[in-house]
Amino acid sequence: MKWWQKTIAYELYPKSFLDTEGQGTGTIRGITQKLDYLESLGIGAVWLTPVCRSPMVDNGYDIADYTDIDPSYGTMEDMKELIAKAKEKNIRIVMDLVFNHTSDQNPWFLESKMSKNNPKSSWYIWRDAKEDGSAPTNWRSIFGGSAWTWCEERQQYYLHTFASQQPDLNWADEDVRKALYQAANFWVDLGAGGFRIDAITYIRKPDEFKDGVPDADDGMISVHDMTANTPGILEYLYEFKREVSEGHDIFTVAEANGVSADELKYWVGEHGAFDMLFEFSHVNLEFKGVETWCRPDPWTISDLKRALRNSQNATKANGWYPAFFENHDKPRCIDHYFPECSDPSSAAKAMGTLLMTLRGTPFLYQGQELGYRNVAWPSIDCYNDISSIGQYQFALSEGLTEEEAMKCVHTFSRDSARTPMQWDDTENAGFSSGTPWLPIHDDYKEVNVEKESRDPDSVLSWYRTLAEIRQEHSALISGDWTEFMKDDPDIIAYKRKNDEEELYILINLSEKQRTFSTESVTAEHVILNNKDTYEKGSLSPLQCVILAEKL
Ligand code: BGC
């Protein structure tokens with residue numbers, strides 16, 4: 001097995017981790033200072049969301065220079081120090097490659113937009129206006145509004161899948177691809193342990209750009225439905241593999257929503273383009289297609305079980321599963337999966353157990369290990385997240401009241417995942433001596449690293465125990481995954497088995513007391529339990545247990 005299959009990965013949001021400068025935003029030195037903390041969680045890989053030079057319209061997902069550090073985070077020397085110090089602790093630093101688009105302040109775009117015949121004129125997706133001067137197609141960007149913006153200098157429109165400040169690169173141009181591979185190799189040479197590859201399904205555009213049938217009253221259709229996973233995309237991905245990842249001891253994990261199980265073999269695994277692929281069916285249960293916050297569908301625990309079953313089974317033969325329940329784009333998992341929860345600590349522990357015992361590499365997201373909760377700020381003006389603002393405006397345009405639109409923001413805003421780390425109960429939770437860029441969650445006196453480290457029953461202590469158990473029980477890393485009690489509406493149950501042992505994991509994801517037949521559960525030794533007792537054949541609300549046949 002590879003090192004990254006045996007470890008636990010941590011997604012770190014640098015802007016909110018630790019500020020060493022009193023500026024209100026986190027720094028790379030702050031991460032270096034807290035390596036002991038990451039080590040205490042059993043982490044072997046830290047994925048940093050983008051730290052490259054950026055105007056921060058989308059908090060770094062709008063890159064102005066792929067091989068420079070944004071001054072707010074520090075310097076390249078700080079980065080080198082982080083990579084080296086982390087390595088001493090067996091922690092590898094994983095970079096976020098944002099290759100579908102750049103910032104509109106990137107010198108590549110500044111040059112491209114100047115004329116139709118400069119050396120970089122075809123580096124972005126430029127099109128003439130329709131005869132009436134309107135945008136080339138009726139595509140809506142992911143963050144809301146048209147996916148096209150008019151450029152005065154060039155007298156043409158450019159395409160942006162996300163915000164207008166994030167113009168899409170033209171991957172059909174060989175020079176663009178070369179420049180991107182060069183940037184990625186810069187980080188390989190610097191010692192990066194791998195890459196998370198952003199929004200990769202959008203890089204190939206269709207040959208013809210056509211209007212689509214509108215999916216809302218604004219007369220537009222989501223750009224996702226018109227450009228995601230365009231045939232031919234794999235050619236680029238295999239080229240990326242040849243030019244960047246092959247031959248290096250690194251891993252790649254692509255953000256690739258909507259790749260079906262039968263296509264998976266082309267995307268991941270020995271013959272696929274990447275090592276792992278983040279797919280979203282289990283975190284997007286309420287969105288069958290495009291993620292439209294004001295149109296959620298109801299879902300059940302059976303739907304969650306089905307989504308996990310599908311990806312566990314699909315990755316049995318192809319590739320390796322990156323398990324996650326939170327990331328910087330999603331609400332906090334306690335609120336997401338248990339919106340009316342009366343026992344958040346048990347819910348956090350149940351989700352943590354699921355995360356750490358599925359077959360694959362767990363990706364723990366900053367704050368999840370403390371049992372972080374969503375924020376619900378009173379007005380849209382309090383929000384920083386560009387997508388919350390777009391979704392709020394879209395909800396209003398669909399006829400929702402302000403109150404209803406705010407409810408969508410409270411449920412799904414990405415800012416809930418981005419509030420600063422709560423290190424202790426001092427001012428600003430020990431995150432910064434300046435004014436934090438986003439308010440600290442008001443639960444920080446109770447939910448913080450210092451307090452939870454002292455409490456053996458805390459969510460943080462639970463995660464540390466889970467990390468130890470993964471080390472002690474190799475079946476959790478290399479074992480098969482076999483589900484049982486498939487039809488149970490509340491309990492997810494599975495075995496992890498390798499040559500050495502067989503473990504049973506039983507998690508009651510409901511807030512009901514449940515009994516079940518113990519026929520298929522032959523193990524009796526409790527090695528982990530989030531409640532005081534475990535009675536055979538019965539699980540209390542949100543109870544989770546790991547059972548072994550022998551101790
Ligand atoms: C990232 C988002 C980002 C978007 C545009 C993603 O999917 O995870 O945070 O806003 O790509 O780069």
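In this predicted model, the residues of helix α13 that are buried are S387, S388, G390, Q391, Y392, F394 and A395. These buried residues pack against β7 (139-140) and α14 (402-412). Two helix pairs, α12 with α16 and α6 with α8, are described after α13.

**Helix α13 and its ends**

- Helix α13 covers residues 386-397, and its twelve residues should span 16 Å at 1.5 Å a residue; the end C-alpha atoms lie 17 Å apart, which agrees.
- At the start of α13, the backbone nitrogen of S387 has a side-chain oxygen of D385 within 2.9 Å.
- G399 follows α13 and has a positive phi, near 95°.

**Helices α12 and α16**

- The axes of α12 (residues 344-357) and α16 (residues 459-472) are 10 Å apart, and the two helices pack at an angle of about 20°.
- Because angles under 35 degrees count as roughly parallel, α12 is roughly parallel to α16.
- From α12, the contact involves S345, A348, K349, M351, G352, T353, L355 and M356, while α16 contributes V459, W462, Y463, L466 and R470.
- The crossing in which α12 passes α16 is right-handed.

**Helices α6 and α8**

- Helix α6 (residues 174-190) packs with helix α8 (residues 233-245) at an angle of about 40°, and their axes are 10 Å apart.
- This angle makes α6 oblique to α8.
- The crossing of this pair, α6 and α8, is right-handed.
- On the α6 side, R177, Y181, A184, N185 and V188 meet Y236, E239, F240, E243 and V244 of α8.

How values were computed:
Residues numbered from 1 in each chain as written. Predicted model: local features only at pLDDT ≥ 70, side-chain atom pairs only at ≥ 80, totals over all residues. Heavy atoms only, no water. Helix = DSSP H or I, 4+ residues; strand = E, 2+ residues; numbered from the N terminus. Expected span 1.5 Å × (residues − 1). Buried < 20%, exposed > 50% of the residue type's maximum accessible area, 1.4 Å probe, protein only. Contact = heavy atoms within 4.5 Å. Polar contact = N/O pair within 3.5 Å; in protein donor to acceptor, adjacent residues only side chain to side chain. Axes fitted to C-alpha atoms, helices over the stretch in contact; angles between N-to-C directions. Parallel < 35°, antiparallel > 145°, perpendicular 65-115°, else oblique. Left-handed = near helix turned anticlockwise from the far one by under 90°.
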